[in-house]
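Open the model in your viewer and keep the sequence panel beside it. This tour tells you what to select at each stop and what you will find there.

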Amino acid sequence: MELIDEQGQNVLKLIQDESKFSDLVDILFTKTDLNGDGIIDYKELKKMLELFSEHYSLPKPLGVHVRLALQAADIDKSGDITKNEFPTIVENCLRIIQHKFDEDYINNSILAK
Ligand SMILES: [Ca+2]
Ligand SMILES: [Ca+2]
């Protein structure tokens with residue numbers, strides 16, 4: 001997660017930069033696939049989303065959130081995430097970070113007034 005700019009400025013740029021984005025997907029996939037079988041299952045995805053939420057001070061994901069994230073990316077409806085399905089997960093996470101920074105920005109500007 002350290003690859004992602006803490007200020008959130010580069011989040012959307014990162015999504016659009018194909019080679020950087022695919023590097024990030026590779027690194028995160030390896031980190032998330034705890035048992036190294038090439039598939040991200042529900043438990044591994046849950047762990048990843050929990051670490052992600054903790055790192056960015058977001059509310060802890062509930063089972064329903066993990067299932068929704070899994071269903072959104074699980075193109076072949078196999079119930080787990082393969083490498084070709086994983087970019088959707090990463091992109092959604094990046095968009096959540098972007099959204100959070102936008103919200104912080106709005107909150108800070110309101111508080112500043
Ligand atoms: Ca696995
Ligand atoms: Ca799948």
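## Start at the third helix

Select α3; its buried residues pack against α2, β1 (39-40), α4 and β2 (81-82). Bear in mind that this is a predicted model.

Now show the side chains of Leu45, Met48 and Leu49, the buried residues of α3. Look down the helix axis. These buried residues fall within an arc of 95°, so they line one face of α3. Turn to the face of α3 pointing away from the buried side, and pick out the exposed residues Lys43 and Glu54.

Check the length while you are here. α3 has 14 residues. From first C-alpha to last it reaches 20 Å, close to the 20 Å expected at 1.5 Å a residue.

## Zoom out

Color by secondary structure. The chain has 5 helices and 2 strands. Follow the sequence and you read the pattern α-α-β-α-α-β-α. Of the 113 residues of the chain, 16% count as buried. Consider the contacts with a separation of 6 or more: residues 24 or more positions apart account for 50% of them.

## The nonpolar core

Which residues have the most contacts inside the largest nonpolar core? Select Leu45, Ala69, Ile81, Ile89 and Val90. That core has 17 residues. Five helices each supply at least two residues of this core: α1 (11-16), α2 (18-32), α3 (42-55), α4 (63-73) and α5 (86-112). The largest share, 5 residues, comes from α5.

A general point fits here. In soluble globular proteins, nonpolar side chains tend to be buried together.

Stay with Ile81 and show its surroundings. Leave aside its neighbours within four places in sequence. Ile81 is then in contact with Ile39, Ile40, Leu45, Leu70, Ala73, Asp74, Phe86 and Ile89.

## Across to Ile40

Select Ile40, one of the contacts of Ile81. Ile40 sits in strand β1. Is Ile40 buried or exposed? Ile40 is buried, because 25 other C-beta atoms lie within 10 Å and 20 or more are enough to count.

Next, show the contacts of Ile40, again without the neighbours within four places in sequence. They are Thr32, Asp33, Leu45, Asp80, Ile81 and Phe86. Leu45 is also on the contact list of Ile81.

Finish with a distance. Draw a line between the C-alpha atoms of Ile40 and Thr30, which are 10 residues apart along the chain. The separation is 9.6 Å.

## The second helix

Thr30 takes you to α2, where it is exposed. Now select Leu24, Leu28 and Thr32, which are buried in α2. These buried residues cover an arc of only 60° around the axis, which puts them on the same side of α2. Rotate to the other side of α2. There, Glu18, Ser19, Ser22 and Thr30 are exposed.

Check this helix for length as well. At 1.5 Å a residue, the 15 residues of α2 should span 21 Å. The end C-alpha atoms of α2 are 20 Å apart, which agrees.

## The loop after α3

Go back to α3 and move on to the loop between α3 and α4. Tyr56 lies in this loop. Tyr56 is partly exposed, with 16 other C-beta atoms within 10 Å.

What does Tyr56 contact, leaving aside its neighbours within four places in sequence? The partners are Ile97 and Lys100. Connect the C-alpha atoms of Tyr56 and Lys100. They are separated by 8.7 Å, with these positions 44 residues apart along the chain counted as their separation.

Now select Ser57, in the loop between α3 and α4. Look at the backbone. Ser57 has a positive phi of about 50° although it is not a glycine. Ser57 is exposed, because only 8 other C-beta atoms lie within 10 Å and 12 or fewer count as exposed.

## Last stop: Lys77

Move to the loop between α4 and β2, and select Lys77. Its phi is also worth a look. Lys77 has a positive value of about 55° although it is not a glycine. With 6 C-beta neighbours inside 10 Å, Lys77 counts as exposed.

How values were computed: Residues are numbered from 1 along each chain as its sequence is written. Chains are lettered from A and ligands numbered from 1 in the order in which they are written. This is a predicted model: local features need pLDDT of at least 70, side-chain atom pairs count only at pLDDT 80 or more; totals for chains, interfaces and linings use all residues. A nonpolar core is a set of buried Ala, Val, Leu, Ile, Met, Phe, Trp, Tyr and Cys residues joined through C-beta atoms within 7 Å. Helices (H or I, at least four residues) and strands (E, at least two) are DSSP runs, numbered from the N terminus. Two residues are in contact if their C-beta atoms, placed from the backbone, lie within 7 Å. The expected span of a helix is 1.5 Å times one less than its number of residues. The arc is that of the directions from the helix axis to the C-beta atoms.
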